[in-house]
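Me: I would like to go through this structure question by question. Please give the reasoning first and the value or name last.

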Amino acid sequence: MTIFQAIILGILFCFCRMGILYTWPKNIPLFGALLIGIVLGDVPQAMIIGAAIQAIYMGVIQPGGNIPTDQVLATFIALPIAIQTNLSPEVAVTLAVPVGLLGILLDYIRRTVNAAWVHMADSYAEKANTKGIMRAHFLYPTLSLIFIYIIPVAIAIYLGPNAVKSFMNFIPEWIMTGLQVAGGILPALGFAITISVIGKKGILPYFVLGFFLFQYAQQVNTIAFALLGIFMAFLHITFTKSNSSEEAGIL
């Protein structure tokens with residue numbers, strides 16, 4: 001692994017992690033594995049390991065923008081290390097899981113820093129400074145990504161797992177505690193946003209049912225819940241369509 005390759009992977013991680021080109025499936029492990037394989041010159045092995053990492057994140061959702069784990073960071077840290085050290089896909093998965101949790105920390109830092117740019121844009125707006133608004137909207141957040149994402153990820157990729165462990169030990173406990181408290185609020189916000197979207201009287205019972213099933217049916221995996229959701233959605237659409245057609249015929 002050269003420094004140049006590590007920097008390229010850090011930039012690619014930032015590209016996959018951020019909201020650019022939403023129509024591309026770029027925030028999934030398989031897409032990241034393809035990019036990593038191209039940079040490191042071993043696409044087949046990268047895709048094999050990427051498929052193993054993809055399997056553990058198949059059911060991950062982000063209600064309200066809150067991420068339970070960062071599958072992109074897990075891919076970009078674990079996969080290059082696995083390729084360089086000839087790790088099996090099973091071992092790479094065990095490395096990806098804790099790294100994905102570390103990605104939540106970086107995401108909280110990014111959101112906290114971005115809040116400063118929002119207030120700065122408000123100040124520029126009061127002064128009718130359109131150039132300042134554009135800087136606060138695009139330039140400053142982009143530059144902050146270099147220090148929050150690109151540099152730490154490039155260093156972690158270049159130095160390997162020891163760098164990740166050292167970084168975790170370096171973070172003060174009070175910072176971790178504060179971020180955990182702030183992160184605990186985000187799921188509530190995510191559920192509130194989700195309810196506001198599907199909060200219709202005819203659909204809300206499905207949301208409540210799905211929540212309790214997922215909470216208490218521990219033996220059922222996420223894929224099974226997804227299939228059950230598809231089946232219930234089909235039934236809901238079928239019966240509501242029938243009722244609507246009958247009412248239209250009566251009228």
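Me: Is alanine 128 buried, partly exposed or exposed?

Reply: This is a predicted model, and the answers are computed from it. Alanine 128 is found in the loop between H5 and helix H6 (130–159). Its relative accessible area is 62%. The cut-off for the top class is over 50%, so alanine 128 counts as exposed.

Me: What is phi of alanine 128 near?

Reply: Alanine 128 is a residue other than glycine, yet its phi has a positive value. The value of phi for alanine 128 is near 55°.

Me: How many disulfides are there?

Reply: A disulfide needs two cysteine sulfur atoms within 2.5 Å. The sulfur of cysteine 14 has its closest cysteine sulfur in cysteine 16, at 9.5 Å, which is too far for a bond. Cysteine 16 is likewise in no disulfide, with the sulfur of cysteine 14 as its nearest. The count of disulfides is zero.

Me: Are cysteine 14 and cysteine 16 buried or exposed?

Reply: The cut-off for burial is under 20% relative accessible area. Cysteine 14 has a relative accessibility of 10%, so cysteine 14 falls in that class. Cysteine 16 is at 0%. Both cysteines therefore count as buried.

Me: How many salt bridges does a search of the whole structure find, and which residue forms one with arginine 17 at 3.0 Å from the loop between H3 and H4?

Reply: The search finds four salt bridges. One of them joins arginine 17 to an aspartate, with the closest N and O atoms 3.0 Å apart. Arginine 17 lies in helix H1 (residues 3–17) and its partner in the loop between helix H3 (43–56) and H4, so the pair ties together parts that are 53 residues apart in sequence. The count is four, and the partner is aspartate 70.

Me: Which residue of helix H5 meets arginine 17 in a salt bridge?

Reply: The N to O distance in this salt bridge is 3.0 Å. The partner lies in helix H5 (residues 89–126) and arginine 17 in helix H1, so the bridge ties together parts that are 90 residues apart in sequence. Arginine 17 is buried, and so is its partner. That partner is aspartate 107.

Me: Which residue three residues from aspartate 107 forms a salt bridge with it?

Reply: Aspartate 107 and this partner both lie in helix H5, about one turn of the helix apart. The closest N and O atoms are 2.8 Å apart. Aspartate 107 is buried at 0% relative accessibility, and the partner is buried at 13%. The partner is arginine 110.

Me: Which residues do salt bridges that share partners join into one network?

Reply: Aspartate 107 forms salt bridges with arginine 17 and with arginine 110. Arginine 17 also bridges to aspartate 70. The network consists of Arg17, Asp70, Asp107, Arg110 and Arg111.

Me: Which residue caps the N-terminal end of H4?

Reply: The backbone nitrogen of valine 72 lies 3.1 Å from a side-chain oxygen of the capping residue. This residue also forms a salt bridge with arginine 17, and both partners in that bridge are buried. The cap is aspartate 70.

Me: How many of the 15 residues of H4 are buried?

Reply: Helix H4 covers residues 71–85, and its end C-alpha atoms are 21 Å apart, in agreement with the expected span. H4 is largely enclosed by the rest of the structure, because the number of buried residues is 13.

Me: What type of aromatic pair do phenylalanine 13 and phenylalanine 76 form?

Reply: There are three aromatic pairs. For phenylalanine 13 and phenylalanine 76, the ring centres are 5.8 Å apart and the planes are at 70°. Phenylalanine 13 is in helix H1 and phenylalanine 76 in helix H4, 63 residues apart. An angle over 60 degrees sets the class, so the pair is edge-to-face.

Me: What type of pair do the rings of tryptophan 117 and tyrosine 140 form?

Reply: Tryptophan 117 lies in helix H5 and tyrosine 140 in helix H6, so this pair ties together parts that are 23 residues apart in sequence. The ring centres are 5.5 Å apart. The planes are at 40°, so the pair is tilted.

Definitions and conventions
Residues are numbered from 1 along each chain as its sequence is written. This is a predicted model: local features need pLDDT of at least 70, side-chain atom pairs count only at pLDDT 80 or more; totals for chains, interfaces and linings use all residues. Side-chain values use heavy atoms; hydrogens and water are left out. Buried means under 20% relative accessible area, exposed over 50%, partly exposed in between (1.4 Å probe, protein chains only). Helices (H or I, at least four residues) and strands (E, at least two) are DSSP runs, numbered from the N terminus. The expected span of a helix is 1.5 Å times one less than its number of residues. A polar contact is a pair of N or O atoms within 3.5 Å; within protein, one must be able to donate a hydrogen and the other to accept it, and residues adjacent in sequence count only if both atoms are side-chain atoms. A salt bridge is a side-chain nitrogen of Lys or Arg within 4 Å of a carboxyl oxygen of Asp or Glu. Rings of Phe, Tyr and Trp (its six-membered ring) pair if their centres lie within 6.5 Å; planes under 30 degrees apart count as stacked, over 60 as edge-to-face and the rest as tilted.
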